[in-house]
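Colleague: Got a minute to look at this model with me?

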Amino acid sequence: MNNTAAEVLDLKINVVSGHEINILIVDDRPENLLSLESLLESDNRNLLKASSGSEALKIAFETQLALIILDVQMPEMDGFEVARLLKENPRTKDIAIIFVTALSENEKYTLQGYEEGAVDYLHKPLIPSIVKAKVCVYENLYKQSFELKESNQKLKEINKQLDEFVYIVSHDLKAPLRGLSSISSFLEDELGNDMKPEVAELLGLIKKRTAWMQNLISSILHYSRMSNSCAVKEDINLNELINNIIEMVDPPENFKFEVADNMPVLYAEKIKIHEVFQNLISNGIKYNNKENGLIRIGFFEYPDHYDFYVQDNGQGIKPEHFERIFGIFQTLSPKENTDSTGIGLTIVKKIVEQQGGKVTLSSEYGEGTKFTFTWKK
């Protein structure tokens with residue numbers, strides 16, 4: 001492994017701590033501003049003040065705020081109008097707002113405040129312990145939300161670095177395999193007809209194992225990219241998609257396909273639903289030991305999801321292997337007898353579960369297998 005690959009592994013997540021938060025207090029009366037400021041002063045808390053609705057909006061649009069304590073009854077622009085304008089702006093729509101009012105809790109203004117986007121109310125005369133407690137609650141929620149966003153951003157960066165690492169390692173591992181394959185071919189050409197049968201067998205085995213390893217490395221790279229990919233969703237005609245897949249996999253002439261002619265138009269990421277059907281169809285072809293192969297593809301519709309199935313008449317799977325086949329690198333045939341890497345069904349399971357679905361199978365050994373997966377509409 002080269003130095004670049006090693007450097008990519010040096011990954012760290014820094015937890016955000018000690019972040020100073022901004023709280024905006026809005027009231028047209030200076031004495032109220034002073035009272036709330038003295039009540040809420042604390043370390044790691046920056047208190048901003050505004051004496052009008054327009055001043056409050058200016059500060060909110062220019063500053064990252066955790067919380068706004070907003071007086072309802074102000075001249076020119078009242079608290080309700082300020083809240084409505086804040087919620088209409090994408091930059092400020094998620095700021096928590098606590099209304100301060102002298103109006104009764106039972107009056108219509110309380111309901112109006114919640115409709116305008118308030119998360120809570122403080123009623124005058126203010127009770128210091130309640131004010132402090134409510135502000136602390138929303139302050140902690142903001143801190144947790146901020147740290148979660150930071151962690152998500154770090155995870156995105158780490159996933160990107162891991163993708164780069166997998167690519168680098170794949171390249172590093174493929175180089176000696178290509179050399180080994182070339183040497184094997186060279187020896188075959190050099191020895192020609194004078195090659196002993198046992199030597200020919202060994203060279204053939206080397207070439208086959210080398211090709212299998214190269215395929216495995218490519219599959220790992222594909223699995224990594226497929227797991228983290230995020231494409232634009234679009235309307236997909238599944239009948240067209242499945243017909244294209246069948247043509248692409250180029251099945252043997254003894255194979256017959258029965259595809260429901262009313263497959264739905266699915267709104268999804270095309271690359272992912274394509275990957276699921278392609279792996280299941282390829283699996284049904286690869287592990288079919290019948291003289292005349294048959295694969296049936298169809299669906300059942302429910303109010304919020306579809307159940308799709310791919311059913312073959314192949315060799316079937318014993319019940320004790322049902323869970324095992326979804327594990328990465330797991331195959332039911334000895335490695336020397338198959339070119340399968342054991343990643344295809346793992347990709348299917350991962351993609352389906354990412355969409356909130358589930359993959360199941362039913363099989364009768366010697367008769368065939370039916371894979372069913374759910375996909376939300």
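Modeller: Sure, let's go through a pocket, a surface patch and a helix. It is a predicted model, where local features need pLDDT of at least 70, side-chain atom pairs count only at pLDDT 80 or more, and totals for chains, interfaces and linings use all residues. Residues are numbered from 1 along each chain as its sequence is written, and side-chain values use heavy atoms, with hydrogens and water left out.

Colleague: What volume does the second largest pocket have?
Modeller: About 420 Å³. A pocket here is an open set of points on a 1 Å grid where a 1.4 Å probe fits, with protein on both sides within 12 Å along at least five of seven lines.

Colleague: Which residues lie nearest its centre?
Modeller: L65, D94, I95, Y142 and K149, out of 19 lining residues. Lining residues have an atom within 4 Å of a point.

Colleague: And how does the lining divide?
Modeller: Into 10 nonpolar, 4 polar and 5 charged residues. The largest share, 7 residues, comes from α6. Helices are DSSP runs of H or I, at least four residues.

Colleague: New topic. Is L187 buried or exposed?
Modeller: In between. L187 counts as partly exposed because its relative accessible area is 35%. Buried means under 20%, exposed over 50%, with a 1.4 Å probe and protein chains only. L187 sits in α6, residues 128-191.

Colleague: Which residues of α10 are buried?
Modeller: L345, T346, I347, V348, I351 and V352, in a helix covering residues 344-354.

Colleague: What follows α10?
Modeller: G356, with a positive phi near 85°.

Definitions and conventions: Helix = DSSP H or I, 4+ residues; strand = E, 2+ residues; numbered from the N terminus. Points joined across faces, edges and corners; volume = space filled by probe spheres on them. Nonpolar A, V, L, I, M, F, W, Y, C, P; charged D, E, K, R; others polar.
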